[in-house]
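Colleague: I'm new to this one, so could you walk me through its empty spaces?
Modeller: Sure, have a look at it first.

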Amino acid sequence: MAFSSLLIIIFFLFVSIIIPISHSIPFIVLHGIGDKCSNKGMRKFTKYLSDNSGAKGYCIEIGNGGWDSWFMSLEEQSQIVCNKVKKMKELKEGFNFVGLSQGNLIGRAVVEFCDGAPPVKNFISLGGPHAGIASVPLCGSGIWCILADDIMKLGIYSDAVQNSLAPSGYIKIPNDIPNYLEHCKFLPKLNNERPDARNSTYKERFSSLENLVLIMFEDDKVLVPKETAWFGYYPDGEFEPVLPPQQTKLYIEDWIGLRRLDEGGRVQFIKVEGGHLGISYSDAKKYIVPYLEEEQQQPLQFGLQSKHVSWSLAYRK
């Protein structure tokens, strides 16, 4: 009996040594402006990523979704998501972010500002206005758009607009940079743009990501310029040309760690066909799913050297 038990123990130790331990971490989806998690498109998108990656996905809602995505400040929206991710036991070992449009800025705020949050491994951004936008997102003639237009007439950098219209938090008018830096309440802080208020903690947290995937849409007419999805933007004081990310001050002086990530081979700049957020299933499977798939850790060693090489997401870029 004792001999049999010893054989069983040896067997399990052997298995632990030669077989890598695999696990999948969950992912969070943050939708864009005017959308909500309960909408068919969002439910279908989240399920598609989950079915194809094997990872559990959660779309986190902020308030009532569509209305609050327009008329709740980004500071408030980010704090709501921060509180929710800290309460989710499913995320305690870490998670991945999938952001859509404005949702990317909220996701980045969680990475940079949210004290005590679980670690974010991979950040996949679809059409994110990371460097700002030079005009208000295209809207239409609905009641929300009429209200947004009326609010903007008060002055985009006024306290009234900054506190009540979410996109005002990342509108960056190239020929009004001093006003933007002083009065815009969200993006200058997120991008560590204010020279007298740069926070090394924000940079350290953002640059700790394992992978940053930046997806730009070739025919994007919502983001102006579309290159903001890659952190590209206009030079201060000018509306042309659009600078590639590597030529911006944010990158050169490395205010948030983007350059550190890029030089470490952890940033993917990807361009896909289609309009804003119009990603195809094939492109989603090619560029998003690999960063959500099951991870495999190195096998337990118990003092022995194993020749097994674990599969890494780095091979799936």
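Colleague: Let's start inside. How much space lies in the largest cavity?
Modeller: Keep in mind that this is a predicted model. The lining of the largest cavity includes His31, Gln77 and Ile106. The space in that largest cavity comes to about 40 Å³.

Colleague: Which helices each supply at least two residues of the lining of the largest cavity?
Modeller: Gly103 and Ile106 are among the lining residues, and so are Asp68 and Ser69. The helices that each give at least two residues to this lining are H3 (66–71) and H5 (103–113).

Colleague: How many residues of that lining are nonpolar, polar and charged?
Modeller: Gly counts as polar here, and Gly32, Gly65 and Gly103 are among the residues around the largest cavity. The lining splits into three nonpolar, seven polar and one charged.

Colleague: How many cavities of 30 Å³ or more are there?
Modeller: Besides the largest cavity, there's a second largest one holding about 40 Å³. Its lining includes Ser73, Gln162, Lys185 and Phe186, and by class that lining has four nonpolar, four polar and two charged residues. With the cut-off at 30 Å³ or more, the count of cavities is two.

Colleague: Now the pockets. Which residues lie nearest the centre of the largest pocket?
Modeller: The largest pocket has a volume of about 320 Å³, and helices H8 (177–183) and H11 (249–252) each supply at least two residues of its lining. By class, that lining has eleven nonpolar, three polar and five charged residues. Out of 19 lining residues, those nearest the centre are Lys172, Glu193, Asp236, Lys249 and Trp255.

Colleague: And the second largest pocket, which residues are closest to its centre?
Modeller: About 210 Å³ of space lies in the second largest pocket. Its lining is made up of 13 residues, and the closest to the centre are Gly41, Phe45, Leu100, Leu277 and Ile279.

Colleague: Which element gives the largest share of the lining of the second largest pocket?
Modeller: Two helices, H2 (40–53) and H13 (281–287), each supply at least two residues there. By class, the lining has nine nonpolar, two polar and two charged residues. The largest share, five residues, comes from H2.

Conventions. Residues numbered from 1 in each chain as written. Predicted model: local features only at pLDDT ≥ 70, side-chain atom pairs only at ≥ 80, totals over all residues. Heavy atoms only, no water. 1 Å grid on protein atoms, 1.4 Å probe; cavity = no way out; pocket = protein on both sides within 12 Å on 5 of 7 lines; lining within 4 Å. Points joined across faces, edges and corners; volume = space filled by probe spheres on them. Helix = DSSP H or I, 4+ residues; strand = E, 2+ residues; numbered from the N terminus.
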